[in-house]
Amino acid sequence: MKAIVYGGPGRKSWTDVPDPTIQNPGDAIVKVDTTTICGTDLHILKGDVPAVREGRVLGHEGVGTVTEVGQSVTSLRPGDRVIISCIKSCGHCANCKSGLYSHCLGDEGASGIGWVFGHLIDGTQAEYVRVPYAENSLHLLPAGVTDEQAVMLSDILPTGFEIGVQYGRVKPGDTVAVIGAGPVGLAAIATAGLYGAAAIIAVDLDANRLEKSREFGATHVIASGDADWKEQLLALTDGQGVDVAIEAVGIPDTFSMCTEIVRPGGNVANVGVHGKPVQLHLEDLWIRNINISMGLVNANTTAMLLKLVAQKKLPAEKFATHRFRFDEFMDAYDTFARAAETNALKVVITA
Ligand SMILES: [Zn+2]
Ligand SMILES: [Zn+2]
């Protein structure tokens, strides 16, 4: 089969690799029909994630069709359309039992980390992928949900909702600011309303992304390039600050911005993947009773979010901005990597 293979920092190719085979009784082989590229894949290509070795097939998002299942798999059969969750979960370890799938202790890939695809085992940017713990790591797709909608449930919608909205403890009537209106920030914007946010403020440097954020439910937008961005934002909260500030970029500046705009007693939910240390001003924050949260997605809300997408309560289809075929995979990477110029949100690649 063909796959995107990591060749060390700065190097990838769409090339021939052996077809995956069943290795454990709980595995399934899935023919990938639709996949996409994540900002994390770009981090890997920069060499920021040294656990990814040369020769690894990249990708942790995908929708496909089951072609083969291991002996112990009873709830899936060849021909089933499935969403591949970016997090594997064995379903029976202590962490899985408490819903902390992000830290599944199952041996596959590595014990203690749920994100294995395109990281510690071969991923989804390929014609076929082996899925461990298939019964827990795959979600059957109902008729009526398109591949393009469903692929947003592999990672971005659960990540924005769980790590942004749930960890940020959004509640009815809240004013929520989301710093960074890329795909995951937009996913937080799209799902903040599920817990009754009254106002959702999108903050970004990019005018196009701000405009787009209104389609996902932002009630106000603020250009963070404006010298008075903070005054504009605080004016929307009578000077008090927002109840919840969600960081969806992953750089020190945007994290600091969140701590500056949150009201006393409010929540800062960090979703961004950071590559550098961030200064935490405890000397200022302690007396303001600020809660700070962060994490790797558990993907334990995927089934719930899938129901909302199926009922057209979440605009999953709006994330896709560019479409490619598998033999154009390198072009898809190029378009996604130049998002500031191409206005790409999610690039969708289909077989
Ligand atoms: Zn991702
Ligand atoms: Zn587990």
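A residue counts as exposed when its relative accessible area is over 50%, as buried when that area is under 20%, and as partly exposed in between. With this scale in hand, the charged residues and the metal site of this predicted model can be introduced in turn.

Glutamate 341 offers a simple start: its relative accessible area is 59%, so this residue is exposed. Its side chain forms a salt bridge with arginine 338, and the closest N and O atoms lie 3.0 Å apart. Arginine 338 is itself partly exposed, at 32%. In total, the model holds 14 salt bridges.

Another of these pairs joins aspartate 122 to arginine 56, again with 3.0 Å between the closest N and O atoms. Here the partners come from distant parts of the chain, 66 residues apart: arginine 56 sits in the loop between helix H1 (39-46) and strand S4 (62-69), and aspartate 122 in the loop between helix H2 (94-97) and strand S6 (128-131). Aspartate 122 is partly exposed, with 36% relative accessibility, whereas arginine 56 is buried at 18%.

A further salt bridge connects arginine 130 with glutamate 108, whose closest N and O atoms are 2.6 Å apart. Because arginine 130 belongs to strand S6 and glutamate 108 to the loop between H2 and S6, the pair ties together parts separated by 22 residues in sequence. Both partners are buried, arginine 130 with a relative accessibility of 10% and glutamate 108 with one of 12%. Through shared partners, salt bridges bring Asp27, Glu108 and Arg130 into one network.

Glutamate 162, found in helix H5 (residues 156-166), presents another situation. This glutamate is buried but has no salt bridge, and the nearest side chain of opposite charge, that of lysine 307, is 14 Å away. What does the side chain of glutamate 162 reach at 3.1 Å? The answer is the backbone nitrogen of asparagine 300. Beyond its neighbours within four places in sequence, glutamate 162 is in contact with Tyr167 and with a set of residues including Val297, Asn298, Ala299 and Thr301.

The model also contains a zinc ion (ligand 2), coordinated by the SG atoms of Cys90, Cys93, Cys96 and Cys104 at 2.3 to 2.4 Å. Along the sequence, these donor residues follow the spacing C-x2-C-x2-C-x7-C. The angles subtended by the four donor atoms run from 103 to 122°, and the arrangement is therefore tetrahedral. For comparison, ideal angles for four tetrahedral donors are 109.5 degrees. Among the zinc donors, cysteine 93 is buried with a relative accessible area of 10%, and cysteine 96 is buried with one of 5%.

Terms used. Residues numbered from 1 in each chain as written. Chains lettered and ligands numbered in written order. Predicted model: local features only at pLDDT ≥ 70, side-chain atom pairs only at ≥ 80, totals over all residues. Heavy atoms only, no water. Donors = N, O, S within 2.8 Å, 3.2 Å for Na, K, Ca; no water. Tetrahedral: all angles 85-135°; square planar, octahedral: opposite > 155°, others 65-115°. Buried < 20%, exposed > 50% of the residue type's maximum accessible area, 1.4 Å probe, protein only. Helix = DSSP H or I, 4+ residues; strand = E, 2+ residues; numbered from the N terminus. Lys, Arg positive; Asp, Glu negative; His and termini not counted. Salt bridge = Lys/Arg side-chain N within 4 Å of Asp/Glu carboxyl O. Polar contact = N/O pair within 3.5 Å; in protein donor to acceptor, adjacent residues only side chain to side chain. Contact = heavy atoms within 4.5 Å.
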